[in-house]
Each structure stands twice: as structure tokens, then as C-alpha cells.
Amino acid sequence: MKKLLSLLAAMAMILSFTACGDDNDEPTAPETTTSIEALNVKTVTSGAVSNESSCSADITVAPSKKTVSLTFKDITFSSRMPKVSFSLDGLAYTTGKSSLTEYHFTASSVTPMQGYTVTNVEGYANPKDGVLYVSFVVNNTWTVYVSNQLYYSALSDGKYAYSTTTETYTTFFLYPSSTDSKWGGDIEMYNIQFVQQMPKLQKIRIPLNNATITPTVSGYEISGTDIVPYYTNGTTELSFGERTVTDLTGNVNLVTKTYQLQFTCFEKTVTYQGSLYVPAKN
């Protein structure tokens, strides 16, 4: 009798553990696909920029497999190459420290389609915010950089979130236009005070639509002068025509994933430098 009671107790304990395990199983998030338009494509061959074009892409995230798949539409790596649909499937990802919608992925090699080999894949995607950056080498010949928002970064201490009403910080971003070959973008400074004589301004925006963006082997050079900034007073944005921004220079390095930015505003020269996508890194 004692043996029977012990056996029943053991079975009850096993069933109890099984039930607990079932209760803790979380449902897997569904697979999602996000489309991104107006991506810039830059190809470097034999140490020189050999081609610049544009494409669109679908980003498919499969949480059950922890993979990201990219399908580029109408992409070309050379002026002599026709536009093709080009897929990089099953890229294992890790999520960003600040958000589960930020995906970092790498792959030593991927087979995209017949006749092509792809190596050294490295990228970052945030479908929620419509951001994609990825680099890879095709057929051991073309080093390809694909991106929109050239390039967003917090130019401060790498924090993941800021208070636009109390903290002083600066951001910049550039992006290819969806209608022409021009670039657009802004430098935005919050709660800024260049000199003690001036009041602290809620926000200063420096438009970069007319800045010169020059492709280099490692990335892009940015330059411009006599740029009219705008400041925000309450909810109204006003022109700061008498205080133009001069001597704007910048460098975005896609290989080292770093940036440098310098300009003169209110007769004070400021310099920023650091890592691209600082808020997204672990």
C-alpha cells in the first residue's frame, strides 16, 4: 500500500511539473514583412566607388527561427548589370538592447540566387521605424552598401532615450529623396545654448537638403556653408536667418561605422564624433 501511495504521489508531482511547463510556454510572435522604399545602393570595386543606384526592399522577421530575410527589388551592383530581385534569407539576428524591434545580423556567406555568391554580411534593421543598413560582398568583387537614412545616430553619450524638454543632445540624419537624386535631412539640437549670453533654445534644426554629399570609398563626405537654421519657440518653428551655419564638414565611414561632424553656429564651432547607430548597439 505504501509503495502504491508513493507511486501515485510521484506521478502527481510529474504531472504538476508538466502542467507548469505548459503554462509558461509563450506563444511565438507571427512572421512579419515590412517594405522600405528609396534605399541607396553604393558599390565599391577595386578601391573605388564604381556604381550608385537605388532600390526597395522587403524585411521579413521570423521570431520562431530568430532570422531576418531581405529581398531587394530592382537592385543592381554595376551599370552593366540588369536590375534583379536579390534575396538574403535566414540571417540569424540578435535584438537591440533598447528595443525588441531592432535587429542586428551577420553571416559569413549566403546563397542569394544562381550565379551569385555573397559573403561578409553585416546589417541592422528596425522595420518599426523603417530603417535598414546592410553591407555585403558579391562574387568576391563588389562591396555593396545598402541603406536609407544616411545615417542616424545620437551624437551624445549613447543613451537610448532622451527628454526633449530637459536634456541637451544632438542628432543628425540624411536620406535619399524618393523623387530625385538629391539628399535630404537635418541636424537637430535640443535644449541648446551656444554662449552664456543667449537663452537656452528648445530646438535648433539645420536643414541639410542643400548640403553637398560626396561618395568616397569608405562612405560619404558632407559639406556646406551659409545654411539658414530654424528654431522652435513653443510649437512654432521660425527662421534664424541672421545666424547662418557656416563651415559644415562631416564624414560618414561605413567601414568603421563612425562619423565626424563639425560646423560653426552663433560664432561657436562645435564638433561631434562617435559610432553610427549608437542607440541600437548592445
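Let me begin with one residue: Asn126 has a relative accessibility of 3%, and because the cut-off for buried is under 20%, Asn126 counts as buried. Please keep in mind throughout that what we are looking at is a predicted model. Asn126 belongs to strand 6, which covers residues 118-126, and if we set aside the neighbours within four places in sequence, the residues in contact with Asn126 are Thr101, Glu102 and Val131.

From there I would like to move to a sheet further along the chain. The sheet is open, has five strands in the order 13-14-17-18-19, and is paired in the antiparallel sense. Its edges are strand 13 and strand 19, the latter spanning 268-275, and each of these pairs on one side only. On average, and with direction ignored, neighbouring strands in this sheet are turned by 10° against each other. As general background, strands of a sheet pair through backbone hydrogen bonds, and the pairing may be parallel or antiparallel.

Let us now walk across the sheet, starting at the edge formed by strand 13. Strand 13, residues 212-215, runs antiparallel to strand 14, residues 219-224, and the two are joined by four bridges. The connection between strand 13 and strand 14 is a hairpin through three residues, and in this pair Pro215 is the residue that stands opposite Tyr220 of strand 14.

Next comes the pairing of strand 17, residues 246-253, with strand 18, where six bridges hold an antiparallel arrangement, and where Thr249 stands opposite Gln262 of strand 18. These two strands also form a hairpin, with four residues between them, in which Lys257 adopts a positive phi near 55°.

Which residues of strand 19 stand opposite Gln260 and Leu261? Gln260 faces Gln273 across the pairing, while Leu261 has Tyr272 as its opposite residue. Strand 18, which comprises residues 258-265, pairs with strand 19 over eight bridges, again in the antiparallel sense. Between strand 18 and strand 19 there is a hairpin with two residues, and Phe266, which lies in that turn, has a positive phi of about 55°.

For anyone following the side chains along these strands on screen, it may help to recall that in a regular strand the side chains alternate between the two faces of the sheet.

To close, I would ask you to keep two places in view: Asn126, buried at 3% relative accessibility, and the open sheet with the strand order 13-14-17-18-19.

Key: Residues numbered from 1 in each chain as written. Predicted model: local features only at pLDDT ≥ 70, side-chain atom pairs only at ≥ 80, totals over all residues. Heavy atoms only, no water. Buried < 20%, exposed > 50% of the residue type's maximum accessible area, 1.4 Å probe, protein only. Contact = heavy atoms within 4.5 Å. Pairing = 2+ DSSP bridges. Axes fitted to C-alpha atoms, helices over the stretch in contact; angles between N-to-C directions.
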